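Take a moment to look over the sequence and turn the fold around on your screen. When you're ready, we'll walk through it together, one region at a time.

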Amino acid sequence: MNSVITTTDKPTGGAANTDIYVIAAHPAWRESRVNRPLMEAARALPRVQVQDLYSSYPDYAIDVPKEQAALERAQLVVLLHPIQWYSMPPLQKLWLDEVFTYGWAYGEGEGGDEESGMGRALQGKDLWLVATTGGPEASYHPQGYNRYFFDAFLPPYEQSAALCGMRFLPPLVLHGAHSVDRQTVASHVATFSERLQSYPDWPELEDLEQCAACVVPMKDRPVEHETAANSVGAA
């Protein structure tokens, strides 16, 4: 288990220089004290492409080919969002369901690697969760009202990365986002910006091994559901 470290697109002509793709998801940006300045800080960096999901897809009709093309260009994929009900916002989950398709992001299939027939579009890339929580860090404790340490809610993110052969990086989390002071927010945003600029030269990554993709055999994917459902475990 990894420990926790407590849009608008850029012009297409600059896409070749962007190796970081930040997917920002917040249902109410006007109410955001932390995620919004984080997104704005990312937008200011030349090597970063930012996708504001709720502004780009207000009708929830995700442009899958466009998103997959952006992911293929990136080496670092950043999920930037508040934790809602111990998980990601609904549009972020839909984005994951529709974009990380079988035969492209993982598993076997014609859309995968030409030589192996595997979905390896994301193989070897890094996935970084940058999240905020409403409750303070002390609430994520066996004696707190959230009952578990925050790490207990990370396996779905970690396994999503592992299934695609991505390396899940230690998350950057700010607890108590509704109540922390402005200096704490500013310091957190500065750390986020510095990390993006210095990637991949992070000391902790030297000992973090690459992840081999988990193989999902085609027999585990009912053929009649392939077109309608591409998400893991669809039934």
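Where is Tyr60 found? Tyr60 is in the loop between helix H2, which covers 53-56, and H3. Before we go further, keep in mind that this is a predicted model. What catches the eye about Tyr60 is its backbone: phi is near 65°, a positive value in a residue other than glycine. Most residues other than glycine have a negative phi. As for its surroundings, Tyr60 is partly exposed, with a relative accessible area of 34%.

Let's step back and get the overall layout. The protein chain has six helices and five strands. If you follow the elements of the protein chain from the N terminus, they run β-α-β-α-α-β-α-β-α-β-α. Of the chain's 235 residues, 49% count as buried.

Now start with the helix called H1, which spans residues 35-43 and is the place of Asn35. Is Asn35 buried or exposed? Asn35 counts as buried, because its relative accessibility is 3% and buried means under 20%. Setting aside neighbours within four places in sequence, you'll find Asn35 in contact with His26, Trp29, Leu80, His81, Pro82 and Thr132.

One of those partners, Pro82, leads us to another spot. The C-alpha atoms of Pro82 and Gly134 are separated by 8.1 Å, although the two residues are 52 residues apart along the chain. Gly134 itself sits in the loop between E4 and H5. Gly134 counts as partly exposed, at 36% relative accessibility. Leaving aside neighbours within four places in sequence, its contacts are Gly176, Ala177 and His178.

Stay in that loop a little longer. Between strand E4 (126-132) and helix H5 (155-163) you'll also come across Arg147. Arg147 has a positive phi of about 70°, although it is not a glycine. Is Arg147 buried or exposed? Arg147 is exposed, since its relative accessible area is 54% and the cut-off for exposed is over 50%.

Next, have a look at the aromatic rings. Trp85, Tyr86, Tyr140, Tyr148, Phe150 and Phe153 form one aromatic cluster. The count of aromatic pairs comes to eleven.

Then there's a pair of helices worth lining up on your screen. Helix H3 takes in residues 64-73 and helix H4 takes in residues 90-99, and their axes come within 10 Å and cross at roughly 85°. Angles of 65 to 115 degrees count as roughly perpendicular, so H3 and H4 are roughly perpendicular to each other. On the H3 side, the contact is made by Val64, Glu67, Gln68 and Leu71, and on the H4 side by Trp95, Glu98 and Val99. Sorted by character, the residues of this contact of H3 with H4 divide into four nonpolar, one polar and two charged.

Another residue to pick out here is Lys66, which lies in helix H3. Lys66 counts as partly exposed, at 38% relative accessibility. From C-alpha to C-alpha, Lys66 and Val99 are 9.4 Å apart in space, and they are 33 residues apart in sequence.

Let's move on to helix H6, where His188 is found. His188 is buried, with a relative accessible area of 6%. Which residues does His188 touch, not counting those up to four places away in sequence? The answer is Val34, Leu38, Leu172, Val173 and Leu174.

Arg195 has its place in helix H6 too. You might be curious about how accessible this arginine is: Arg195 is buried, with a relative accessible area of 12%. The charged end of Arg195 sits over the ring of Trp202, 4.1 Å from the ring's centre. Arg195 and Leu172 are 23 residues apart in sequence, and their C-alpha atoms are 9.9 Å apart in space.

Our last stop is the segment after helix H6 (182-198), where you'll find Pro200. What kind of peptide bond joins Tyr199 and Pro200? The bond is cis, with omega at about 5°. Most peptide bonds are trans.

Notes: Residues are numbered from 1 along each chain as its sequence is written. This is a predicted model: local features need pLDDT of at least 70, side-chain atom pairs count only at pLDDT 80 or more; totals for chains, interfaces and linings use all residues. Side-chain values use heavy atoms; hydrogens and water are left out. Rings of Phe, Tyr and Trp (its six-membered ring) pair if their centres lie within 6.5 Å; planes under 30 degrees apart count as stacked, over 60 as edge-to-face and the rest as tilted. A charge sits over a ring if NZ of Lys or CZ of Arg is within 6 Å of the ring centre and within 35 degrees of the ring normal. Axes are lines fitted to C-alpha atoms, for helices over the stretch in contact, and angles run from 0 to 180 degrees between N-to-C directions. Helices (H or I, at least four residues) and strands (E, at least two) are DSSP runs, numbered from the N terminus. Angles under 35 degrees count as roughly parallel, over 145 as roughly antiparallel, 65 to 115 as roughly perpendicular and the rest as oblique. Contact means heavy atoms within 4.5 Å. Ala, Val, Leu, Ile, Met, Phe, Trp, Tyr, Cys and Pro count as nonpolar, Asp, Glu, Lys and Arg as charged, and the others, Gly among them, as polar. Buried means under 20% relative accessible area, exposed over 50%, partly exposed in between (1.4 Å probe, protein chains only).
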